[in-house]
Amino acid sequence: FRHIPIKGDLKKKSAVAKRLKRMQTRIVKCINSVPEEHKFTALEIKDVKHVITNVLSKTKTQLVITNDQLNTLVKLFHFPLDQIFVIIDLFSIVILNNSASEFFLQSIDDVDNPNNIIAIILNKLSEASNSDEKTLIKVLTVSLTFFINLFSSLHLHTAVFYYVVPIVKILDKTLQLYINKPKVYTKLFTTLVVDLSLNLTNFLSYENSPVESNTIRLRRLQYIYFCVKSINILRA
């Protein structure tokens with residue numbers, strides 16, 4: 001489930017498509033392990049398969065994911081904690097879909113909203129920090145991918161304004177657990193640097209308009225801050 005940055009035509013990312021296929025197999029297998037009160041209907045399982053299969057299939061126009069399908073996807077967060085990294089990995093791709101990012105944008109101001117995808121992932125990361133090392137590393141790595149991809153999300157990039165501080169705090173808290181485990185730091189640091197080097201280059205290489213808006217300038221400053229802060233934490 002190693003992250004492959006996604007820009008432009010998603011269909012060309014064959015490696016991402018293969019990753020999604022593995023995701024679908026694992027997710028469908030794990031659906032039966034959710035608590036009874038969160039069981040999936042046959043239609044919901046069909047919707048999950050449809051989104052995973054087709055999220056990369058549109059080249060000129062993105063796949064339209066309905067609100068009902070997105071609500072079903074959110075139910076996947078009821079998976080056992082040791083399997084939750086697969087769901088976060090899936091959402092790191094889903095948030096790049098325009099209809100999905102617009103849907104989740106409506107809930108980011110309310111931390112108690114069941115569809116606040118950022119709050120959900122921060123909570124899962126917090127839970128993982130109290131779990132075993134293997135689970136934590138998986139959840140942390142895919143969470144970094146999700147946070148980085150927020151900056152490429154059409155609507156959700158605005159959430160960065162509100163969540164940079166809690167994101168950095170939860171990363172700091174989690175990584176401090178491994179201050180004396182260089183191998184763990186090296187693995188996370190390598191993953192993060194590869195992602196950031198590609199995403200930051202793409203992000204900062206956009207042509208500047210004659211008069212750059214304050215919003216764009218602020219986004220870039222926030223992005224650089226998050227990158228530098230994260231790297232400093234990992235190198236501590």
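**Group meeting: helix packing, core and salt bridges**

Okay, let's start with a helix pair: α4 and α7 pack at an angle of about 15°, and their axes sit 9 Å apart. One caution up front: this is a predicted model. With an angle under 35 degrees counting as roughly parallel, α4 and α7 are therefore roughly parallel to each other. As for handedness, α4 passes α7 in a left-handed crossing. If you want to click on the residues, the α4 side of the contact is Ile-84, Phe-85, Ile-88, Asp-89, Phe-91 and Ser-92. On the α7 side you'll find Lys-138, Val-139, Val-142, Ser-143, Thr-145, Phe-146 and Asn-149.

Keep Phe-146 in mind, please. The largest nonpolar core has 58 residues, and Ile-27, Leu-76 and Phe-146 are the ones that touch the most other members. Which helices feed that core with at least two residues each? They are α1 (14–30), α2, α3, α4 (84–94), α5 (98–105), α6, α7 (133–149) and α8 (160–175). The largest share comes from α4, with 9 residues.

Let's zoom in on Ile-27. Leaving aside residues up to four places away in sequence, Ile-27 touches Val-48, Ile-52, Leu-76, Phe-79, Val-86, Ile-87 and Leu-90. So Leu-76, another of the residues that touch the most core members, is one of the contacts of Ile-27.

Now over to α3. The buried residues there are Gln-69, Leu-70, Thr-72, Leu-73, Val-74 and Lys-75. And what covers them? The cover includes α2, α4, α5 and α6.

Take α5 from that list. The axes of α3 and α5 come within 10 Å and cross at roughly 75°. That makes α3 roughly perpendicular to α5. The α3 residues in this contact are Asn-67, Leu-70, Asn-71 and Val-74, and they meet Ser-99, Ala-100, Phe-103 and Phe-104 of α5.

You may have noticed a lysine among the buried residues of α3. What does the side chain of Lys-75 meet? Lys-75 forms a salt bridge with Glu-44, at 3.0 Å from N to O. Lys-75 lies in helix α3 (residues 67–75) and Glu-44 in helix α2 (residues 42–54), so this pair ties together parts that are 31 residues apart in sequence. Are the two partners buried or exposed? Lys-75 is buried, with a relative accessible area of 18%, and Glu-44 counts as buried too, at 17%. The cut-off for buried is under 20%.

How many salt bridges turn up in the whole structure? The search finds 2. The other pair is Glu-127 and Lys-124, at 3.9 Å from N to O. Both lie in helix α6 (residues 117–128), 3 residues apart, which is about one turn of the helix. As a reminder, an α-helix has 3.6 residues a turn, so residues three or four places apart point the same way. Burial is split in this pair: Lys-124 counts as buried at 14% relative accessibility, whereas Glu-127 counts as partly exposed at 39%.

Last stop, a proline. Pro-166 is found in helix α8, and at 30% relative accessibility Pro-166 counts as partly exposed. How far apart are Pro-166 and Ala-119, in sequence and in space? They are 47 residues apart along the chain, and their C-alpha atoms are 9.5 Å apart.

That's my tour; over to you.

Methods
Residues numbered from 1 in each chain as written. Predicted model: local features only at pLDDT ≥ 70, side-chain atom pairs only at ≥ 80, totals over all residues. Heavy atoms only, no water. Salt bridge = Lys/Arg side-chain N within 4 Å of Asp/Glu carboxyl O. Helix = DSSP H or I, 4+ residues; strand = E, 2+ residues; numbered from the N terminus. Buried < 20%, exposed > 50% of the residue type's maximum accessible area, 1.4 Å probe, protein only. Core = buried A, V, L, I, M, F, W, Y, C linked by side-chain atoms within 4.5 Å. Contact = heavy atoms within 4.5 Å. Axes fitted to C-alpha atoms, helices over the stretch in contact; angles between N-to-C directions. Parallel < 35°, antiparallel > 145°, perpendicular 65-115°, else oblique. Left-handed = near helix turned anticlockwise from the far one by under 90°.
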